Amino acid sequence: MLSVIVRRIIRLVVVLAGVSLVTFAILQVSGDPISLMMPEAPEADRAVLRQSMGFNDPLPVQFARFVGNIVRGDFGQSFFHREPALPIVLARMPTTLLLSVLAMGLSLLIAVPIGILSAVRRNSVFDHSATLVVFLGTSMPVFWTGIMLILLFAVQLRVLPVSGWDSWAALVLPGITLTTVSTPLLLRLVRSSMLDVVGLDYVRTARAKGVSEWIIICRHALTNAALPLVTVAGLQFGLLLGGAIITETVFAVPGMGRLIVGAIRQLDFPIVQAGVFVLALIVVLVNFAVDILYIYLNPQIRVR
Amino acid sequence: MAIGTLAPPIGAAAGPAHAAERSRVWRKFARNPAAIAGALILITVIGAAIFAPYVAPHEPTRQSLIRRFTPPVWTAGGKATYLLGTDQVGRDILSRMIYGARVSLIVGITAVLVSLTLGVTLGLLGGFLRGRVDTVIMTVVDVTLSFPPLLLALAFVAALGPSLLTIIIAIGLTGWERYTRVVRAEVLALREKDFVEAARALGASPARTLLRHLLPNTFSSIIVMSTLQVAQAILQEAALSFLGVGTGSAYPTWGQMISLGRDFVTVAWWLPTFPGLAILLTVLAINLVGDRLRDALDPRVG
């Protein structure tokens, strides 16, 4: 078990190195960062700055320096705010995490019972309606869902605020919008992993012993269906953060997503790089935690 | 039809190319009303995109300030000449949507071709060569999976400057890992099969084994994945347009229409609603077709 964990940690480090390389590349493909930083300065001044900031060094040297800076939490100064980029990004992180965790929790609350019921009553009207909802959910553009919710609840019914982040009521619409991103796939997964186990021998044995149907579902089937669910719920967290970027933009939620989108429009690359790296880091760490949980939950690995 | 007659007599390597097999797949597909509905919607959208200048009732860019904010025809104040109403500068919504279908479909299909080429190549190499090459490829896959979808496309489109080409490349280069994972897994399973062993024993070169025997057997997965990926790419293009790093062209796109319409949602609900419905219907249609295609192409199901 320990060797498995060590291997996961090595993979974590390698993946983070790759993530840094991609983040580094964002600035490189943008052309000349110095002209972005000081568009009005004469070319001679820019050349001096380019030399002093090391933009004339070979790329591997620049990348090594970039990684060294990241390790120290230094993504450079925001072109726009003239302040270190990382603290600006981190200040927005709790909002994004709150929104994502809320949506994840809601998704699980909706997807698990409906998915189980769909699997148990396979091919019933309930199952078919759930499948239809899954299809609709995966086909809707997130930002459009958000705008339609605004239209319904804030413009027509006037019961909820349109945007902002100053009260608990403001959480409702962004929360629901983001929930529509993660629920359909999760529901489909719960259903299919339940279908995989309900046909297995041990479930049939339990049924033959006269164990009640709900105990079979909760105790026997669900505990085994939980394993793939945990893995995919981890992978979904990335999807959720992607959805959060758009949701925050629609509802003017002051989170990381809105910050990054704004920074991209202003070509404020230190913020973009810090934001992209932090979001990727969250995904990597969540998946690492899921891997460890998987090892813990899976008796085949745990015993070794 | 031509594929069937050209196929060599060795059935195992040729994949599901026989006429009988094809008609079985077709029958299974046609039995599903949802898939038929999806196919009909898709044909309509593709037709509208191709023949846009002939079917659009108005020029998509023509403005008319006296006709601005005309509501859809079935509501009070609607006009029959503007079926779905007009926008804030009096442009016809329906005509803009018809032209918008062009961008969505072009980006969706070409971006998937980019992902497909890259992803399938890496998947074949990883599964066939295994060892160190495979480890490197799978690490790249892991790194790609670490970024929330859209985030990388967003950052790179901004860095490279928005245009149709950069959008296609950005979406294409961020959506390939699914192909790699699936094709690699299939090649790993297939390479142990007897017919691959037989080909090797008969002296087939590695390249021939790979392209002639392994690749064709992954086709059905690739077709299914590609339909679903086109749906994803259309959603991504719309999202990029919405976030303001769109194609930058004069042509309207669905995402851009929603983005501009959002500011007027309180006075003209139809502005963002209809382009969104167009995306929803198109993506839903592709998903329904793709899902049914998966069942039809899988010989193990029904």
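1. Let's start with burial in chain A. This is a predicted model, and in it 37% of the 304 residues of chain A count as buried.

2. Now the make-up of that chain. You'll find 13 helices in chain A and zero strands, so don't go hunting for a sheet: a strand would have to show up as a DSSP run of at least two residues. Along the principal axes, the C-alpha atoms of chain A fill a box of roughly 85 × 60 × 30 Å.

3. Take a look at who touches whom inside chain A. Among its contacts with a separation of 6 or more, 72% come from residues 24 or more positions apart.

4. Next, the place where the two chains meet. Chain A puts 37 residues into the contact, and chain B puts in 38. On the chain B side, the elements giving two or more residues are α7 (131-146), α8 (151-160), α13 (219-242), α14 (254-262) and α15 (270-297). By class, that side of chain B has 30 nonpolar residues, six polar and two charged.

5. α8(B) deserves a closer look. Is it mostly covered or mostly open? Mostly covered: nine of its ten residues are buried. Among them are L151(B), L152(B), F156(B) and V157(B), along with alanines such as A153(B) and A155(B).

6. What do those buried residues of α8(B) pack against? From chain A, the partners are α1 (2-29), α10 (213-251), α11 (256-265) and α12 (269-297); from chain B, they are α9 (164-174) and α13.

7. One last detail to check on screen: G161(B), just after α8(B), takes a positive phi of about 95°.

How values were computed. Residues numbered from 1 in each chain as written. Chains lettered and ligands numbered in written order. Predicted model: local features only at pLDDT ≥ 70, side-chain atom pairs only at ≥ 80, totals over all residues. Contact = placed C-beta atoms within 7 Å. Helix = DSSP H or I, 4+ residues; strand = E, 2+ residues; numbered from the N terminus. Nonpolar A, V, L, I, M, F, W, Y, C, P; charged D, E, K, R; others polar. Buried ≥ 20, exposed ≤ 12 C-beta atoms within 10 Å, placed from the backbone.
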